[in-house]
Amino acid sequence: MAAKKASPDLVNSSFSFKSLKLKTKQQELLLRVSILGLVYVLAFIARLFSVLRYESMIHEFDPYFNYRTTLFLTEKGFYEFWNWFDSESWYPLGRIIGGTLYPGLMVTAALIYWTLRFLRFFVHIREVCVLTAPFFASNTTLVAYFFGKEIWDTGAGLVAAALIAICPGYISRSVAGSYDNEAVAIFALLLTFYLFVKAVKTGSLSWALGSAFGYFYMVSAWGGYVFIINLVPLYVLVLLITGRYSMRLYVAYNCMYILGMLLAMQIRFVGFQHVQSGEHMAAMGVFLLMQVFYFLDWVKHQLNDTKLFQTFLRITVTSAILVGGIALGVGTASGYISPWTGRFYSLLDPTYAKDHIPIIASVSEHQPTAWSSFMFDYHILLFLFPAGLYFCFKRLSDATIFIVMYGLTSLYFAGVMVRLILVATPAVCLISAIAVSATVKNLTSLLRTKQKVPQTGSTKGVGSSKSSSKVTLDQSQPFHKNGAIALLVGVFYLLSRYAIHCTWVTSEAYSSPSIVLAARGAHGNRIIFDDYREAYYWLRQNTPTDAKVMSWWDYGYQITAMGNRTVIVDNNTWNNTHIATVGRAMSSYEDEAYDIMRSLDVNYVLVVFGGVTGYSSDDINKFLWMVRIGGGVYPVIKEPDYLVNGEFRVDKGASPKMLNCLMYKLCYYRFGELVTEYGKPTGYDRARGVEIGNKDIKLEHLEEAYTTSNWIVRIYRVKPPTNRL
Amino acid sequence: MAIDKKLLSLLLLVSSLSSIASASFSDPDSDSDLTNELASLRSNSESGVIHLDDHGISKFLISSPTPRPYSILVFFDATQLHSKTELRLQELRREFGLVSATFLANNNGSDLNKLFFCEIEFSRSQSSFQRFGVNALPHIRLVTASTAKLSDESGQMDQSDFARLAESMAEFVEQRTKLTVGPIQRPPFLSKAQISVIVAMIVIATPFVIKRILRGETLLHDHRLWLSGAIFIYFFSVAGTMHNIIRKMPMFLQDRNDPNKLVFFYQGSGMQLGAEGFAVGFLYTVVGLLLAFVTNVLVRVRNLNVQRLVMLVALVVSSWAVKQVVYLDNWKTGYGIHPYWPSSWQ
């Protein structure tokens, strides 16, 4: 189905609606609208695999926080939400929610929810949250269509819409249930870019205004807006350097920057950062440069003498650069302009994070990308991308320069961090769509000119509507027909492989909610592990309401959202020291850990353990990061103490510190009595494939409170201190 | 714990008292001579690391009476092993020099002559290596003032103590000798003179560059340059080069089972070897460029036979490349991607 739509030009050219007696233009419009409609629906339903295979629920970790805040927003109203101080997380510090989040996603979902209510559709807010991402993915396909139309032609727009609808790089973050900022942010990102390109093309204030508001929406939704505020100035700079300065560019950029900045500063989490932090300085510099350009233009207009102008030019430009440099230097030195944040810095100097910020380096989606991930997420788009680049350079305009720059910068960043593949996806889809569309159009028009040699006048139909410059073919070449057919077959084969790949990947790889785990049994049947929710509901129903739960930060959001209990740290990693304290507790001996836990008023400790089921992303495998993060703040924790010859082991050869630290004890408590696999000794850890080294674990200050049915989550109660006599 | 500490401090007190006592009994002149000689050797050597040979070892460490007025930190070096990069000898030697230079910069007065940094080289002082009982490198040993036997291994620096290079070495020294080394002062990447020259050059060049830009006659106005740059960035990204740089992946590995065989492709997603990424990136680029070439350049060629031939070659090469990449991807990730047919068809 997707393959058919991925190449609408062929459909256009071979169908004829003579019986309906529509004019050619009307036929084309009808086809275009219906194809777009189908793509819109396809983008939505392809993302419903997760609901079909599991159930309608929120996925992963961060979405649980978003869900919790949305629930709060719909129940208490906007002002309560804006001023919310959350005492249930980051105990004992708490967190000011309104000032430390990007509210765009929650507000969007709440608006949809209120609209549905107003229309008398009584849905639960959870369903709205689950389906927000697919809905916005559908909208993205529309934007992609208009963007493609803007930079190339309608054909490319349609192909781009079809490609992005099922591209795994985008689906990975927008399946039903992944209620995360990126779900709406990619839509906002593409919309901003589209409106800006349109503004540069037309020079109209209204489009520039539109892009400023698009930017505002993006800022309200995701921290990735920094990419926009750096890419746009870079683009303007390139246009200036290559001598493409124009009044249109001046209007578009100034309006977008000034208005966008003012609007962005209304988001509390961004606030004055927008004029103070180093990440935003490029935009301001280019803004000033634009004024210099405009001024020079004006002076040139006033002065008729060219020699005088040359002298003037030299003086102005040199002094402008000097003043700018001094201002930047003074600003940075006086602390008025803050230096770059770690995440941003690690993009420019990729080895930075690994050496300096373990908390960024520890997250799996911040790892550098191997070629197989690109292949997995883009498939044939990677082959088409260079061809698309070539086509863009063949027909250079302000719009194609933009898309090329967007594609290249985002591809570079995608190489640095796996998660940024998402940002590159729209660009890759658009550029590949240009390649597909231009190729197919060339070939089909070639075929048709052959068929209709007598009636040459009528060939200017649907296929070659706008880009007459593309048809560079001579008339009399008998070979071309065969060659064209062969190439066409090749292209269609590729596109159908793409459709197959995307469907499979969506269904098998990207639809897992990761809070419910699925595995294949020995007979090919599906086994579901629902241990996480079992544990969280246990917490909710069996512990006092003011109980504090300590766990590694990955599970913080889920515990607060589903277990409704206070946590020490959660996935918002704003306070490194606090996380390091938990890391230190987990990697200390039990009595030392007990002191730390007492000081934090911890009542329960929760660990995730995959030794019984073979679930590999459990706390033991994350343990080295706890040591690293803990050791980064408390030098008493040293990584080599937990390693044997640089190797991380849990069996008999493990280091004594490892075998007796809190995390090891909590994970493997009473595990030594258990037979996990036939033919193996007791205490055989299936996740790491070894027999554990310490089977006789005695707990002194903690006691087992609850272990879920597959042992994935284990909860321990911290005993109160013993009475002193 | 507390008892341990008290015991330790008591021992220290006793030992220092005894050392003072013995120092007063031993010949003070010869001691200060040795110290002065070491200090003068140090002032003549680069970053304060004294190069000792067998003679120096026997003079300063063996023949001198045991409560010496100084400690010596010895770095064991071997030029013949410099080619083995996994030992990191040269890097560690540089870091050792840094610690020494920092110690010199941060101490003056009496503490300065309590610790000397020395190195001995294997080919020229083999007997010293035997005396120290060193048979594996890298090896750094602290010979404290009271160490009587050189083969006493208690002063050996652990693997973990130079894991974090100069910083952890300094910690080790501070712990053992109770002297302060201070924060490590690394030389800046570019010296001040270099920076000022670069800045001056940029300032001078700016007006000329701007003039050329305004005239529109720079390389920047050449489409081909931009195009090749763009293709290069594309190739650079999709080949996973950033992965290779960040993870410091080698180009290929040696097969564990058969040392003569080289492994170019690593099975398992999320990891890759250098050559593997480049090979695949090359295949991507070739197919894309062939497509552009066939649809844009080939159609202008007049000769039919040439056209046919090139077209055929392009088709065969592209389909082979696509097949190869898809096959490799399936092999690497272990996924079997298949279409979903309606169940009634099966």
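In this predicted model, the C-alpha centres of domain 2 and domain 3 of chain B lie 36 Å apart. Chain B is divided into three parts: domain 1 covers residues 43-177, domain 2 covers 189-220, and domain 3 covers 222-333.

**Salt bridges**

Over all chains, the structure holds 29 salt bridges. Three of them, each in chain A, are listed below with their N to O distances.

| Salt bridge | Distance (N to O) |
|---|---|
| A:E182 and A:R419 | 3.3 Å |
| A:E704 and A:R670 | 3.9 Å |
| A:E704 and A:R714 | 3.1 Å |

Take the pair A:E182 and A:R419, whose side chains meet in a salt bridge. A:E182 belongs to helix α11 (residues 181-202), while A:R419 sits in the loop between α23 (398-416) and α24 (421-451), so this pair ties together parts of chain A that are 237 residues apart in sequence. Are these two residues buried or exposed? Both A:E182 and A:R419 are buried.

The side chains of A:E704 and A:R670 also meet in a salt bridge. Here A:E704 lies in strand β12 (residues 702-707) and A:R670 in the loop between α32 (662-668) and β10 (684-685), so the two parts of chain A tied together are 34 residues apart in sequence. A:E704 counts as partly exposed because its relative accessibility is 25%. A:R670 counts as partly exposed too, with a relative accessibility of 42%.

A:E704 forms a salt bridge with A:R714 as well. Strand β12 holds A:E704 and strand β13 (residues 713-718) holds A:R714, so this pair ties together parts of chain A that are 10 residues apart in sequence. Why does A:R714 count as buried? Its relative accessible area is 1%, and buried means under 20%.

These contacts belong to a wider group: A:R670, A:E673, A:E704 and A:R714 are linked in a network of salt bridges. Within this network, A:E704 is bridged to A:R670 and to A:R714.

**A charged patch on the surface**

Which residues gather in a patch of negative charge on the surface? They are A:D591, A:E592, A:D595 and A:E700. One of them, A:D595, lies in helix α29 of chain A, which spans residues 590-599. A:D595 has a relative accessible area of 52%; because exposed means over 50%, A:D595 counts as exposed. A:R714, in contrast, is buried at 1%.

Definitions and conventions
Residues are numbered from 1 along each chain as its sequence is written. Chains are lettered from A and ligands numbered from 1 in the order in which they are written. This is a predicted model: local features need pLDDT of at least 70, side-chain atom pairs count only at pLDDT 80 or more; totals for chains, interfaces and linings use all residues. Side-chain values use heavy atoms; hydrogens and water are left out. Patches are made of residues with over 30% relative accessible area and no salt bridge: like charges are joined within 9 Å, nonpolar side chains (Val, Leu, Ile, Met, Phe, Trp, Tyr) within 5 Å. Accessible areas come from the Shrake-Rupley method with a 1.4 Å probe; for residues, only the protein chains shown count as cover. A salt bridge is a side-chain nitrogen of Lys or Arg within 4 Å of a carboxyl oxygen of Asp or Glu. Lys and Arg count as positive and Asp and Glu as negative; His and the chain ends are not counted. The place of a charge is taken as NZ of Lys, CZ of Arg, CG of Asp or CD of Glu. Helices (H or I, at least four residues) and strands (E, at least two) are DSSP runs, numbered from the N terminus. Buried means under 20% relative accessible area, exposed over 50%, partly exposed in between (1.4 Å probe, protein chains only). Domain bounds come from an automatic or database domain assignment.
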